[in-house]
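Please read this briefing with the coordinates open beside it. The topics are a pair of packed helices and a sheet, taken in that order.

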Amino acid sequence: MTTRIAIAQMTSGTDSAVNAAALSNHVEAAATGGAKMLFTPEMSGILDRNTARLFANARGEEDDVALAAAREAARKAGIWVALGSLALRDARYADRLVNRSLVIDDKGEIRARYDKMHLFDVEAAPGEYYRESASFVAGAGVALAETPVGTLGLAICYDVRFPRLFDALSGAGAQVIALPAAFTRPTGRAHWHTLLRARAIETASFVVAAAQTGEHEDGRSTYGHSLVIDPWGDILLDAGEEPGLHFVEIDLERIADVRRRIPVLQHRRDIAAP
């Protein structure tokens, strides 16, 4: 039996209210299109490399306009939302934010939270530097939620390069793994498809990767190509580079079939360091 999901590919900017309105529209359109769950990209609420401006606009969960809009839209439309991530204040940290993914049910309630574990401190291309740890605190631990599309595991963007997280998610029962992203163009061209297909194959799970795309107000460029990949590694959706809403049918029976043919989860072994 198949389940219809929606994937929003976005070009988020620096105005939270504008991004919140876009989220609401995507939620409504996803429900109208018959989807049981909508997946959105990393930093759906605000995408801003200007640290001072980002901190000035960041709010906690109780005050964030994008989160409030997504919850209200989910409640009205009766649809679940995997809200890719938001830059949020957390009372535990005075000087940095969290990059948090949230799962919202069809009543508008938050069912799961995950703070990005691996922070993007890299030189993506000559002269193109990112230091996410200057603005964000790394999360710890895995997060899963029972949803209309099965047991959903959460990861964010740069996490895709760290297979142990995906081993932990699939070992904990994940059938579908959400990997919202704002991949750079150089790293996207080089690694995006390969890494995501590898994670799907290794875990014998569906991977749903909603992505940011295009030229953003803060000056960055993102790769797009939101992907949905099945447990065999087949690409069910490649959204290309234009923003928009896409629909895909996924069949959880495909997971059992692939895991029966190649039982990678059963064959895993703990490997001690030398």
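In this predicted model, helix 1 (residues 16–32) packs against helix 3 (residues 65–77) at an angle of about 20°, and their axes lie 8 Å apart. Because angles under 35 degrees count as roughly parallel, helix 1 is described as roughly parallel to helix 3. The points below take up the contact between these helices and then the strands of an open sheet.

**Helix 1 and helix 3**

- The crossing in which helix 1 passes helix 3 is right-handed.
- On the side of helix 1, the contact is made by Ser16, Ala17, Ala20, Leu23, Ser24, Val27 and Ala31, which meet Val65, Ala66, Ala69, Ala73, Ala74 and Ala77 in helix 3.
- By residue class, this contact of helix 1 with helix 3 consists of 11 nonpolar and two polar residues, with no charged residue taking part.

**The six-stranded sheet**

- Six strands form an open sheet in the order 5-4-3-2-1-16, and the pairing within this sheet is mixed.
- Strand 5 (110–115) and strand 16 (244–251) are the edge strands, each of them pairing on one side only.
- On average, and with direction ignored, neighbouring strands of this sheet are turned by 25° against each other.

**Strand 1 and strand 16**

- Strand 1 (residues 2–9) and strand 16 run antiparallel and are joined by eight bridges.
- Within this pairing, Thr3 has Ile250 of strand 16 as its bridge partner.

How values were computed
Residues are numbered from 1 along each chain as its sequence is written. This is a predicted model: local features need pLDDT of at least 70, side-chain atom pairs count only at pLDDT 80 or more; totals for chains, interfaces and linings use all residues. Side-chain values use heavy atoms; hydrogens and water are left out. Axes are lines fitted to C-alpha atoms, for helices over the stretch in contact, and angles run from 0 to 180 degrees between N-to-C directions. Helices (H or I, at least four residues) and strands (E, at least two) are DSSP runs, numbered from the N terminus. Angles under 35 degrees count as roughly parallel, over 145 as roughly antiparallel, 65 to 115 as roughly perpendicular and the rest as oblique. A crossing is left-handed if the near helix is turned anticlockwise from the far one by less than a right angle, and right-handed if clockwise. Contact means heavy atoms within 4.5 Å. Ala, Val, Leu, Ile, Met, Phe, Trp, Tyr, Cys and Pro count as nonpolar, Asp, Glu, Lys and Arg as charged, and the others, Gly among them, as polar. Two strands pair if DSSP finds at least two bridges between them.
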